[in-house]
Every structure is written in C-alpha cells, then in structure tokens.
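Here is a short round of questions on a fold, its sheet and its pockets. Keep the model open while you read.

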Amino acid sequence: MIDLSCPVERTALLTAALRAAETQREDRIYTDPYAARLAGDAGPELLAEVRAATFPAGRGRTVPDTPDFNAIRTRFFDDFLHDAAREPGMTQIVIAPAGMDSRAYRMEWPGHIRFFEIDRTDVVEFKAERLHGVTPRVAHRTVAVDLTDADWETRLADAGYDPELPSTWLLEGLLYYLPEADARRLLERVAAIAAPGSRIAADLVNSAALTLPSMRELLEVFAGWGCPWQFGSDEPEALFERCGFAVEAVQPGEPGADFGRWPDPVPDRSVEGVRRVFFVHGHRR
C-alpha cells in the first residue's frame, strides 16, 4: 500500500487523478486509460483540495488553471518523448521520478527502445499492484531507488542503462519541490551519465510563483501535504546550461505548448512580477 504520509507520493496520486479527469473530457488532448486505477480513491480527494484552491468559491480564479496546465504538460512531454524515440540512435528513455506515469503502457513505442522508470520502492510496488495484468508496450525496467540516494546511477546501470549511448530523460513535476542546491545537483548527476546528444525535458516555475499573494492558497495546499514548492528560476536556460545542457524554455499558451487549452494571457519574458511555468527541453552538450 502506498504511504499517503509521504508527500512525494501524494503528488503522484494527484497527477494520476488529473490525468483521469482529463481522460473523461470530450475535449481531451490525450487519453490515459490507466490513470483512474492508479489514482485510486485517494487521488480524487487530493484533486478536490487543489480544485478548491484553483477555483475558490465566490471569487475569480487568480492561480494557474491546474487541470489545463497538467493536461498541456502531459501532452507536451508525450510529444517530446515520441519525437525522441524516433531519433536515429536513440534507444533509452528514463522517467525520473516515474510516480504514477503510464506512458510505458498507454503509448506506442519503437521496438528498439528500452524504457526505464526510477522511483521509490513503495511507489514502484504500488504501481505494479495497480497495473497487475497490464503489459507494457515497450521493453520496460523499473529501478526502485530514491533520486536522493548516492547510488541511483549504479542501480540504473545494473538495470541495463548504458551511459555511453544516447538517452532521453524526463524530469516531470519534480524540480520545484527540491531545494535549489538539490535541483542543481540532480541535473549535474543526470548530465554525468547522459552521453553527448542525449535529450532532456523538465518543468520549472519562476521565482515569483513561490511568493506572489495570488499563489498563496495553492502553495498552502502543497505545503500542508509536506511538499512545499522550494525552487524557481527566472532563467531556466542558464540553469540547465550551467549543468551541461543546451535547452529552450516555452510557457504554456505559447506556440507548441497550447493545444487549444491554455486559458490565460502569456506575458512576455521581459515582464516582471508574474508567475510563470516553463517547459524546458533540449540536449546534453
């Protein structure tokens, strides 16, 4: 059984609940047939807390539209991974942390791809129980280890990952939950075992998203779960550059990251004092 006292696992169930809700929409921009079983009973309860903060009763919404943001993020990274898998020489995809991600089960993959999922032991076991009897559509390997452990790279290699070959990494819904030093260190560790030309994608918020009064109610939900947002960057390209990656950053609502679903204006990067979300994508230099 998954431990709901662990904040990281709450966010995994929340994401599954958001994906289950998206799958039920007539205007859905992807389908996740396994999200509801992965969310279980707890996921919708967590989602209800987030909805209450996102759409407060009797007042207009001032925080990001969480359901639309999550839908766009999922679809954006779906497309990123599909493009990477079709790239000549790309044979390895790593989802870290995997949480309740079902891409290995719900998406079609070329036969040459090896698909690695990294997450804590209880998350891996809970997910395997929930997906019992469902066959992955790819050569799928799980690595039950925490990304803060000193030896997760060795454990990944033991599962068949080859650092000499190109790989594609997805760090989804992770970096803003980490202290800045830990986020930078994780990116450096990924760069150290990713061959030149490997690809990477992640999402990140800016620094204002951590402090704006309009974000308070949503941030209090996550803080109450024990997983406060701790890190944001106004220069995501420079952050990843210092860690060994050449990337671009796109905001929800901009071309390539809209899918007809982002409801808010997208302020120019020169505008200060507004909350932002970035979808970062690029390659290992």
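Q: Which residue of S7 stands opposite Ala201?
A: The model is predicted. S5 and S7 pair in the antiparallel sense. They do so over seven bridges. Opposite Ala201 in S7 stands His281.

Q: In S7, which residue is the bridge partner of Val250?
A: S6 and S7 run antiparallel. Six bridges join them. The partner of Val250 in S7 is Phe279.

Q: In what order do the seven strands lie in the open sheet?
A: The pairing in this sheet is mixed. S5 and S7 supply an antiparallel pair, while S2 and S3 pair in the parallel sense. Across the open sheet the order reads S3-S2-S1-S4-S5-S7-S6.

Q: Which are the edge strands?
A: The sheet is open, with S3 at one end of the order and S6 at the other. An edge strand here pairs on one side only. That holds for strands S3 (139-144) and S6 (245-250).

Q: By how much are neighbouring strands of this sheet turned against each other on average?
A: Direction is ignored for this value. The average turn between neighbours is 20°.

Q: Which residue in S3 stands opposite Phe115?
A: Strand S2 covers residues 114-119 and pairs with S3. The sense is parallel, over six bridges. Phe115 faces His140.

Q: What angle does the direction of H4 make with that of S5?
A: Helix H4 (residues 66-85) packs on the sheet. It touches S1 (92-95), S4 (167-171), S5 (199-205), S6 and S7 (277-284). Its direction and that of S5 make about 165°.

Q: What angle does the direction of H8 make with that of S6?
A: Helix H8 (residues 180-192) also packs on the sheet. Its contacts are with S4, S5, S6 and S7. With the direction of S6 it makes about 125°.

Q: Which element gives the largest share of the lining of the largest pocket?
A: The largest pocket has a volume of about 990 Å³. Its lining holds 48 residues. The elements that give two or more are H1 (7-23), H4, H8, S5 and H9 (216-224). The largest share, eight residues, comes from H1.

Q: How many residues of the lining of the largest pocket are charged?
A: The lining has 28 nonpolar residues and nine polar ones. Thr11, Pro97, Gly173, Leu174 and Tyr177 lie nearest the centre of the pocket. The charged residues number eleven.

Q: Which residue does a cis peptide bond join to Ala96?
A: Most peptide bonds are trans. This one has an omega of about -5°. The residue sought lies in the loop between S1 and helix H5 (103-106). Joined to Ala96 is Pro97.

Q: What is the phi of Phe259?
A: Most residues other than glycine have a negative phi. Phe259 lies in the loop between S6 and S7. Its phi is positive, near 55°.

Q: How many residues lining the second largest pocket are nonpolar?
A: This pocket holds about 160 Å³ of space. Its lining includes Gln251, Trp262, Asp264 and Arg275. One lining residue is polar and three are charged. The nonpolar count is seven.

Q: In which element is confidence lowest?
A: The chain averages a pLDDT of 95, and 97% of the residues score at least 70. The highest mean, 99, belongs to S4. The lowest, 92, belongs to H1.

Definitions and conventions: Residues are numbered from 1 along each chain as its sequence is written. This is a predicted model: local features need pLDDT of at least 70, side-chain atom pairs count only at pLDDT 80 or more; totals for chains, interfaces and linings use all residues. Side-chain values use heavy atoms; hydrogens and water are left out. Two strands pair if DSSP finds at least two bridges between them. Helices (H or I, at least four residues) and strands (E, at least two) are DSSP runs, numbered from the N terminus. Axes are lines fitted to C-alpha atoms, for helices over the stretch in contact, and angles run from 0 to 180 degrees between N-to-C directions. Contact means heavy atoms within 4.5 Å. On a 1 Å grid over the protein atoms alone, a cavity is a set of points where a 1.4 Å probe fits but cannot get out, and a pocket is an open set with protein on both sides within 12 Å along at least five of seven lines; lining residues have an atom within 4 Å of a point. Grid points are joined across faces, edges and corners, and a volume is the space filled by probe spheres set on the points. Ala, Val, Leu, Ile, Met, Phe, Trp, Tyr, Cys and Pro count as nonpolar, Asp, Glu, Lys and Arg as charged, and the others, Gly among them, as polar. pLDDT is the predictor's confidence in each residue, from 0 to 100.
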